[in-house]
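Hi,

Here is the structure I said I would pass on. Have a look at it first, and my notes follow underneath.

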Amino acid sequence: MIALGDVDGDRNLDVATGNGGSGNGAILKGNGDGTLGPAAVVAASGSIVASDLGDLDGDGDLDWVLSSFGGARWLVYVNDGAGVMAPGPVFLAPQAASCAVFLDFDNDSDLDLALVDELADVVLLMRNGR
């Protein structure tokens, strides 16, 4: 699973991957010429089935959510603005984290999360309280 976005503010598309069987995720920054730089890898237990980008903390840069199907959790990584991701909150899934959707479901101008667990057949709505 991949997500595309400018994580480091240089106006080049970057790639955020979830690497299922490898138990990790990676950010590959775009060089602006169609090539990608080396992978900045983060360890994440369980099979990573989704990688999603959105600005959770309202600072203008893209934060990252990895969905750990086997680890039954969503892992949030907070962007420092230069595309360096630091571990943030972890949300537990009832059975198997499948994907995260960034949206403003409470109309307060910040992004909330809809967290999908396809085995439990539920969507958890996580209101952003910032």
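Let me start at the N-terminal end: β1 and β2 (residues 14-19) pair in the antiparallel sense over four bridges, and Gly5 sits opposite Asp14 of β2. Strands here are DSSP E runs of at least two residues, numbered from the N terminus, and two of them count as paired if DSSP finds at least two bridges between them.

Before going on, the ground rules. This is a predicted model, in which local features need pLDDT of at least 70 and side-chain atom pairs count only at pLDDT 80 or more, while totals for chains, interfaces and linings use all residues. Residues are numbered from 1 along each chain as its sequence is written, and side-chain values use heavy atoms, with hydrogens and water left out.

**The four-stranded sheet**

That pair belongs to an open sheet of four strands, ordered β1-β2-β3-β4 with antiparallel pairing. Its edge strands are β1 (2-5) and β4 (36-43), each of which pairs on one side only. From one strand to the next, the twist averages 20 degrees; the axes behind that are lines fitted to C-alpha atoms, with angles running from 0 to 180 degrees between N-to-C directions.

Further into the sheet, β2 and β3 are antiparallel over five bridges, with Gly25 in β3 as the bridge partner of Gly18. These two strands make a hairpin with four residues between them, and Gly23 in the turn has a positive phi of about 65 degrees. Next, six bridges join β3 to β4, again antiparallel, and Gly25 has Val42 as its bridge partner in β4. The β3-β4 hairpin has five residues between the strands, and its Gly32 takes a positive phi near 90 degrees.

How much of β3 is buried? Six of the seven residues of β3 (residues 24-30) are, so this strand is largely enclosed by the rest of the structure. Buried means under 20% relative accessible area, exposed means over 50%, and partly exposed is in between (1.4 Å probe, protein chains only).

**Cores and the aromatic pair**

The largest nonpolar core has 13 residues, and Trp64, Leu66 and Tyr77 touch the most other members. β5 (48-54), β6 and β7 each supply at least two residues of this core. A core here is a set of buried Ala, Val, Leu, Ile, Met, Phe, Trp, Tyr and Cys residues joined through side-chain atoms within 4.5 Å. A second, separate core of 11 residues includes Leu56, Val65, Val76 and Ala93.

Leu66 reaches back to the first sheet: leaving out residues up to four places away in sequence, its contacts include Thr17, Gly18, Gly25 and Val42. Also among them are Ile48, Ala50, Trp74 and Tyr77. Contact means heavy atoms within 4.5 Å.

There is one aromatic pair in the structure. The ring centres of Trp64 and Tyr77 are 5.3 Å apart and the planes are at 40 degrees, so the pair is tilted. Trp64 is in β6 (residues 63-68) and Tyr77 in β7 (residues 73-79), 13 residues apart, so to speak of "distant parts of the chain" is fair by the strand assignment. For the cut-offs, rings of Phe, Tyr and Trp (its six-membered ring) pair if their centres lie within 6.5 Å; planes under 30 degrees apart are stacked, over 60 edge-to-face, and the rest tilted. Trp64 is buried at 0% relative accessible area, and Tyr77 is buried as well, at 6%.

**The three-stranded sheet**

Towards the other end there is an open sheet of three strands in the order β9-β10-β11, with antiparallel pairing. β9 (97-103) and β11 (122-126) are the edge strands, each pairing on one side only. Five bridges hold β10 (residues 112-117) and β11 in antiparallel register, and Asp117 has Val122 as its bridge partner in β11.

Leu113 lies in β10 and counts as buried at 3% relative accessibility. Its C-alpha is 5.9 Å from that of Leu125, 12 residues away in sequence. Beyond its neighbours within four places, Leu113 is in contact with residues including Leu56, Val65, Phe91 and Leu125.

**Two loop residues to look at**

Arg11, in the loop between β1 and β2, has a positive phi of about 70 degrees although it is not a glycine. Arg11 is exposed, at 79% relative accessibility. Ser109, in the loop between β9 and β10, is another non-glycine with positive phi, near 75 degrees, and is exposed at 68%.

Cheers
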